[in-house]
Structures are given as structure tokens and as C-alpha cells.
Amino acid sequence: MARISKKRKEAIAKVEKNKLYSLEEASALLKEITYTKFDASVDLAVRLGVDPRKANQMVRGVVSLPHGTGKDMKVLALVTPDKEEEAKAAGADYVGLDEYLDKIKGGWTDVDVIVTMPAIMGKLGPLGRVLGPRGLMPNPKTGTVTMDVAKAVSEVKAGKIDFKVDKTGIVHAPIGKASFSTEKIVGNANELLSTLNKLKPTAAKGVYMKSIYMSSTMSPSIAIDPKFS
């Protein structure tokens, strides 16, 4: 059995059992109990009262975090030659087409998001086995398959993320870094939770937001009052 470090014991001791914190309290406490030497990521895990096995209860969407993710997102723009300059000007880290398709076939996936055009999706289909498990397959629903490549790249760079409820009914999403101020963490969390509320399926009955937990890399989780609003 793995030993619990002194710092983790101290962090666990600061989180009150059975207490539901407000977003403001949780964000402030999280900064106290994050003990990594690097700038840890801050995440929200939201358990929804939906059945993801049913198509009419699937929850998926995108949200532009007002304060960004704190992470420099690497973006690959798979575009035709006439769109290359547009993608580069918007901040895409890698721009091209066939050369990158070949690299992906060879197993290269060193990017966070892929943006492409509708006409190119046919070429990406055979790469689903590589891109799918890594969450890199572009999708019109998340705005990563579009003719407005510059806008899509800019939004990702500015802090746009996509999320999807998993098979257990939980949405996991990054909302910033531990170095963010409490106000920025709260602002990003509110934006994500508000977006999730707007996406509540009409087929979902009963309590929609069952539980909300905030944590940073390696920190204990902090339970947040689902009635945050």
C-alpha cells in the first residue's frame, strides 16, 4: 500500500468531510491544498442526472473560458493551401495537410486540438483509430470543422474547450491553473457550469447536477454545493 506523503496528509486535513463548499470557498481552499512544484491544472468533475446511453440525454458542448485555460494549446490546422496563411496568422502551431496526415498515420499526435475544413474530413476518416481515443478527431459540433479556420484557431488559443459526458454520467473539464487568482477560477467554473445548465436535455428527469467536485493535479477533491447558483 502506497504511503501518503506529509504534504498530502496536510492537504486532506484542510478539507472538511461532508461539507459542501461554495465556488469561492473551494477556489480559495484549492490554492492552499495544491502542493505540486509545477503549476497544477484545476479541474471540475460534474456528475449529471442523465443516462448517456440514450441519445436524447447525451450532453456535449463547448465553452469559452473567460480567463483561458492557462495552457498553451498546440493547434494543428489541416487545411488547403489557400487557407494556410489564414491559419498561421490566427496562431496555429502546425499548418498543412498531406505531410501531417502522413505523420498522424505514423502515430504522431503531439497536439491538443485539430482544426480542419469540411472537404478534408473524408481524409481524416481512416485516421479515426489514431485520433478518436485521444479526443483529437475534429467535429462540427465543437467548431473544429469549419470554413472559418481563423476563428476556430483563435477561439481554441483563447481558452475554448469542448466537453462530453462520459459513460458514467460525469463531465470532466479543465478550468485553469492553480496559479490563477481565486476570482479567475470562480469565473471559469461559473462559465462551465452555466453552460452545462443550458444544455440540460429535456428528457433528463429529477436532479440534473448531482455533484460537483473541484481538484488540482494530485490534490484532494473539494465538494461544491450543486446549488451553486
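Two strands count as paired here if DSSP finds at least two bridges between them. With that in hand, welcome to some close-ups of this predicted model.

**Close-up 1. The antiparallel sheet and the pairing of strands 8 and 9.** Strand 8, residues 209-216, pairs with strand 9 in the antiparallel sense over three bridges. One residue pair to look for is Tyr-213, whose bridge partner in strand 9 is Ala-223. Both strands belong to an open sheet of four strands with the order 7-1-8-9 and antiparallel pairing. Its edge strands are strand 7 (170-177) and strand 9 (222-224), each of which pairs on one side only. On average, and with direction ignored, neighbouring strands of this sheet are turned by 25 degrees against each other.

**Close-up 2. Helix 2 and its buried residues.** Helix 2 covers residues 23-33, and its buried residues are Leu-23, Ala-26, Ser-27, Leu-29, Leu-30 and Ile-33. These buried residues pack against two helices, helix 1 (6-14) and helix 8 (182-198), and against strand 1 (41-48), strand 8 and strand 9. As a reminder, an α-helix has 3.6 residues a turn, so residues three or four places apart point the same way.

**Close-up 3. Ser-216 in strand 8.** Follow strand 8 to Ser-216. This serine has a relative accessible area of 4%, so it is buried. Apart from its neighbours within four places in sequence, Ser-216 is in contact with Leu-30, Thr-34, Ala-40, Ser-41 and Val-42.

**Close-up 4. The parallel sheet and helix 4.** Here is an open sheet of three strands, in the order 4-3-5, with parallel pairing. Strand 4 (94-96) and strand 5 (113-116) stand at the edges with a single partner strand each, so one side of each has no neighbour in the sheet. From one strand to the next, the twist averages 15 degrees. Strand 3 (residues 75-78) runs parallel to strand 4 and is joined to it by three bridges; Leu-78 stands opposite Gly-96 in strand 4. Lying across strand 3, strand 4 and strand 5 is helix 4 (residues 98-105), which runs at about 115 degrees to strand 4.

**Close-up 5. Thr-144 in its loop.** Thr-144 is found in the loop between helix 6 (128-131) and helix 7 (149-158). Its relative accessible area is 10%, so Thr-144 is buried. The side chain of Thr-144 reaches the backbone nitrogen of Asn-139 at 2.8 Å and makes a polar contact with the side chain of Thr-142 at 3.0 Å. Leaving aside neighbours within four places in sequence, Thr-144 is in contact with Val-113, Ile-114, Val-115, Thr-116, Pro-138 and Asn-139.

**Close-up 6. A few of the salt bridges.** The structure holds 10 salt bridges. In one of them, the side chains of Asp-112 and Lys-71 meet at 2.9 Å, N to O. Asp-112 lies in the loop between helix 4 and strand 5, and Lys-71 in the loop between strand 2 (60-64) and strand 3, so the pair ties together parts that are 41 residues apart in sequence. Asp-112 is partly exposed at 26% relative accessible area, and Lys-71 is partly exposed at 43%. The side chains of Asp-51 and Arg-53 also meet in a salt bridge, at 3.0 Å, N to O; Asp-51 is buried at 17%, whereas Arg-53 is exposed at 75%.

Conventions: Residues are numbered from 1 along each chain as its sequence is written. This is a predicted model: local features need pLDDT of at least 70, side-chain atom pairs count only at pLDDT 80 or more; totals for chains, interfaces and linings use all residues. Side-chain values use heavy atoms; hydrogens and water are left out. Axes are lines fitted to C-alpha atoms, for helices over the stretch in contact, and angles run from 0 to 180 degrees between N-to-C directions. Buried means under 20% relative accessible area, exposed over 50%, partly exposed in between (1.4 Å probe, protein chains only). Contact means heavy atoms within 4.5 Å. A polar contact is a pair of N or O atoms within 3.5 Å; within protein, one must be able to donate a hydrogen and the other to accept it, and residues adjacent in sequence count only if both atoms are side-chain atoms. A salt bridge is a side-chain nitrogen of Lys or Arg within 4 Å of a carboxyl oxygen of Asp or Glu.
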